[in-house]
Amino acid sequence: MQLKNFIMILSAITMLLSGFCILVGSRKKERKFTKFYFLSVFFGTIYTISILAFLNLPLNAGTAVKYLGYGIFLAPVLMDIFLLSYILYPFKLFRGFSVFLATLFFLFISFILTFDTADFYNGFSLSTDGNSFNIVSGPIYLSYILFFVISSVFMIIGLLLRAKQIRSLNTKHGLIFLTISGALLRILMVVFGIILPFIKFELIYLSPIMLSLMVILDYYAVLRFQILMLSSRALKVLSYVILVTTAGAAYMLIFYAIITFLFKIRGLSTEIYILTFIMVTILLLILPIMSEVLHFIRSLVLKDQVYLAYLLKKMNKMSGKVDADALAEFLASNLHFNYVGIVIGKKVHGSKLEEFSEFEISELNALAEPERGVWQKIDAGTQKILDEHKIKAVAAMFDAKGNVFGQILVGEPTGKTGFERRDLAQLELVVNLVSAMIDSRAK
């Protein structure tokens, strides 16, 4: 098995897993458009498998070429149709216009590949030097290239428009990150998969690898910048599988480069590649255990107050120009909670989009003042509201005169299975500082 085949197999696995995680992890109201993303990834996986199968066809397997041609040339068109549906989902007219034109083009190419391929490719070559399609340089294939260029432009415009609409700075930064990284990888994918096959068809295997990197970066951005709210418990396991597979593939590429270009060794056996991948996978699988040990050692040497002091120093620098939404995002990210909300009057400023009704906000405002400290006691009715939004604790914010003027909502801690009392004790300093910051802003 050649290294490129091994990398393409890993690319197909990570691509499909990333798309599946985004689909099953998104909330019900988001699943109506994340299904388009999964379908796009699904056809991207078919595209990858078709290229892998074609490049490894034996000399006497010519009957399979026509069917693999559908996967190589039609699957990426379907991939783009569903990706446009996902990216342009908030823009009904723009989405309808784009998807309609893309669907017409898909039907046109399907007709060509089914009834008369002579204007698209005039045969194929199966040989020990490498398999390839003999692509015809004409208006049909030129329109094929133009389709991917135009759809790429539409996707970039859609991402920028969505970034402009988003209120959350964190999500906005995530969409900008996706636009830049996606545009670069998309260009490489189109070059290797659509344009270069004219000249050097065997380089087409790089196209699905670029596509796989694009999907992995999408998944990273969704998690890192909270573009979608992913909540499925199974995501932890699947995400680690994606991480291990991606890191394994990267290690294999580095290993191949060192062996080939530094030590001038060529033609390594399949067994060596498999053994290398197994070893790096085992190493990555024991990383959580090593991390747990390091955290334990750190807890003995450096107490949490050290980090809290650093955090309070950063928050002091934010005083004077504090924005409640940005402050909530900062707290959630640096205190490692899934959600932090700041309730002021009848509005909730959250680290991520979490909709509260007027009734729910009024119930929160009606909570009794704490007898001691800042953490409020929760009655049975309010507890149901908190459970629905996965809120674990509510802290009262006091002004300089000792009156409650707002509240801080604290969600589940990340990386922990439970919520401990000492978490609340350590947070009390932060809550008091936040209260002072917002109170001074109001004056």
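**Cores, cavities and selected residues of a predicted model**

Visitor: What relative accessible area does leucine 283 have?
Guide: This is a predicted model in which local features need pLDDT of at least 70 and side-chain atom pairs count only at pLDDT 80 or more, while totals for chains, interfaces and linings use all residues. Residues are numbered from 1 along each chain as its sequence is written, and side-chain values use heavy atoms, with hydrogens and water left out. Buried means under 20% relative accessible area, exposed over 50%, and partly exposed in between (1.4 Å probe, protein chains only). Leucine 283 counts as partly exposed because its relative accessible area is 47%.

Visitor: How far apart in space, C-alpha to C-alpha, are leucine 283 and glycine 248?
Guide: Leucine 283 belongs to helix 9, residues 270-285, where helices (H or I, at least four residues) and strands (E, at least two) are DSSP runs numbered from the N terminus. In sequence, leucine 283 and glycine 248 are 35 residues apart, whereas in space their C-alpha to C-alpha distance is 9.9 Å.

Visitor: Which helix gives the largest share of the largest nonpolar core?
Guide: A nonpolar core is a set of buried Ala, Val, Leu, Ile, Met, Phe, Trp, Tyr and Cys residues joined through side-chain atoms within 4.5 Å. The largest one has 94 residues, and those with the most contacts inside it are Phe54, Phe73, Phe120, Phe133 and Tyr144. Its largest share, 15 residues, is supplied by residues 65-87, which form helix 3.

Visitor: How many residues does the other core have, the one lying apart?
Guide: Tyrosine 144 gives a local view of the largest core, being in contact (heavy atoms within 4.5 Å) with Ile72, Phe73, Pro76, Val77, Phe105, Ile109, Phe120 and Ile194, once neighbours within four places in sequence are left aside. Apart from that core lies another, whose members include Leu327, Phe330, Leu331 and Val410, and which numbers 25 residues.

Visitor: Which helix provides the largest share of the lining of the largest cavity?
Guide: On a 1 Å grid over the protein atoms alone, a cavity is a set of points where a 1.4 Å probe fits but cannot get out, a pocket is an open set with protein on both sides within 12 Å along at least five of seven lines, and lining residues have an atom within 4 Å of a point. Grid points are joined across faces, edges and corners, and a volume is the space filled by probe spheres set on the points; the largest cavity has about 360 Å³. Among its 25 lining residues, Leu83, Ile87, Leu159, Met214 and Asp218 lie nearest its centre. Helix 2 (28-55), helix 3, helix 5 (139-165), helix 6 (169-195) and helix 7 (206-225) each supply at least two lining residues, and the largest share, six residues, comes from helix 6.

Visitor: How many nonpolar residues does the lining of the second largest cavity have?
Guide: The search of the whole structure finds two cavities of 30 Å³ or more, and the second largest holds about 70 Å³. Its lining includes Leu331, Phe337, Trp375 and Val410, with helix 15 (421-442) giving the most, four residues. Ala, Val, Leu, Ile, Met, Phe, Trp, Tyr, Cys and Pro count as nonpolar, Asp, Glu, Lys and Arg as charged, and the others, Gly among them, as polar. By these classes the lining has no polar residues, no charged residues, and a nonpolar count of 11.

Visitor: How many charged residues are in the lining of the second largest pocket?
Guide: About 600 Å³ of space lies in the second largest pocket, and of its 25 lining residues the closest to its centre are Glu30, Ile166, Thr171, Ile227 and Leu353. The lining divides into 10 nonpolar residues, six polar ones and a charged group of nine.

Visitor: With the side chain of which residue does the side chain of threonine 14 make a polar contact?
Guide: Threonine 14, in helix 1 (residues 3-25), counts as buried because its relative accessibility is 3%. A polar contact is a pair of N or O atoms within 3.5 Å; within protein, one must be able to donate a hydrogen and the other to accept it, and residues adjacent in sequence count only if both atoms are side-chain atoms. At 3.3 Å, the side-chain partner of threonine 14 is serine 212.
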